[in-house]
Amino acid sequence: RLTALRAAAATGIRRVTFLGGEPTIQDSFLPSLHLAQQLGFDDITVFTNGARFTDAAWMAAALQLGRLTWRISIQGGDAASHDLAVARKGAFARILKGLALLQQHGQRVEVNVCLTAGSVAALPHLAEVVLQYGVAQLCVDMVRPVSAGERSARWMRKILPRFQDVVPAVVDLLDRLEAVD
């Protein structure tokens, strides 16, 4: 990874995104992030599910590296839908704690939601998160069958939302956001 960063910087690339299963849990993450800053990357994005947001020492070390863009994966507009989608009780609360810390430190925050049948109803509640934590960009996408791996037709029918259910939720979300800004 460090070799790839050096090679990219040598060719004039100024933008890097750290992603993966969860980049922040890798031992090489903070050293890679530090090197990206040293090499002059001026647009650094961390795509994360917030796994390390409650680790105070880790967060302090990450925040000392300067202003980054944090792209947070939120899988539902409230704790019930998010925690169910990621199968981790307390995951949504952990993300909110991290969002507050990122906001306090002037970090740019973006949110990515992968909409499923189980999270459609809670999508409008995401407006509260966007507004409260100063989210700069919200991306709502849907599970793509070709990206879901080897899944049964039954599983796909259960997980994929119907467009006729998605539209009212998206309209409600946008109405809530536009009511404020």
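## Cysteines

Cys114 is partly exposed, at 23% relative accessibility. In this predicted model, Cys139 has a relative accessible area of 24% and is likewise partly exposed.

A disulfide is a covalent bond between the sulfur atoms of two cysteines. For Cys114, the closest cysteine sulfur belongs to Cys139 and lies 9.4 Å away, which is too far for a bond. The reverse also holds: the cysteine sulfur closest to that of Cys139 is the one in Cys114, at 9.4 Å. Because a disulfide requires the two sulfur atoms to be within 2.5 Å, the count of disulfides is zero.

## Parallel strands and crossovers

Strand β2 (residues 43-48) pairs with strand β1 (residues 15-18) and also with strand β3 (residues 69-73). The pairing of β1 with β2 is parallel and comprises four bridges; within it, Val16 faces Ile44 of β2. The pairing of β2 with β3 is parallel too, again with four bridges, and here Thr48 is set opposite Ile72 of β3.

Helices complete two β-α-β units. Helix α2 (residues 29-38) combines with β1 and β2 in a right-handed unit. Helix α3 (residues 56-63) combines with β2 and β3 in another unit, which is also right-handed.

## Nonpolar core

In soluble globular proteins, nonpolar side chains tend to be buried together. The largest nonpolar core of this model contains 42 residues, and the members that touch the most other members are Trp70, Ile72 and Ile74.

When neighbours within four places in sequence are set aside, the contacts of Trp70 include Val46 and Thr48, and the numbering of β2 as residues 43-48 places both of these in that strand. Trp70 is further in contact with Phe53, Trp58 and Ala62. The remaining contacts of Trp70 are Leu102, Gln107, Arg108, Val109 and Glu110.

## Aromatic pairs

The model has three aromatic pairs. One of them joins Phe29 and Trp58, whose rings are stacked with a centre-to-centre distance of 5.8 Å and an angle of 25° between the planes. Phe29 belongs to helix α2 and Trp58 to helix α3, so this pair ties together parts that are 29 residues apart in sequence.

Both Phe29 and Trp58 are buried. Phe18, Phe29 and Trp58 are linked into a cluster by ring pairs. Trp58 is also one of the residues in contact with Trp70.

## Two loop residues

Most residues other than glycine have a negative phi, and most peptide bonds are trans. Ala87, although not a glycine, has a positive phi of about 55°. Ala87 is located in the loop between α4 (79-86) and α5 (91-104). With a relative accessibility of 67%, Ala87 is exposed.

Ser119 occupies the loop between β4 (108-115) and α6 (126-132). This serine is buried, its relative accessible area being 1%. Apart from neighbours within four places in sequence, Ser119 has contacts with Gln75, Gly76, Ser81 and Cys114. Cys114, one of these contacts, is the partly exposed cysteine discussed at the start.

Definitions and conventions: Residues are numbered from 1 along each chain as its sequence is written. This is a predicted model: local features need pLDDT of at least 70, side-chain atom pairs count only at pLDDT 80 or more; totals for chains, interfaces and linings use all residues. Side-chain values use heavy atoms; hydrogens and water are left out. Buried means under 20% relative accessible area, exposed over 50%, partly exposed in between (1.4 Å probe, protein chains only). A nonpolar core is a set of buried Ala, Val, Leu, Ile, Met, Phe, Trp, Tyr and Cys residues joined through side-chain atoms within 4.5 Å. Contact means heavy atoms within 4.5 Å. Two strands pair if DSSP finds at least two bridges between them. A crossover is right-handed if, with the strands pointing away from the viewer, the path from the first strand over the helix to the second runs clockwise. Rings of Phe, Tyr and Trp (its six-membered ring) pair if their centres lie within 6.5 Å; planes under 30 degrees apart count as stacked, over 60 as edge-to-face and the rest as tilted.
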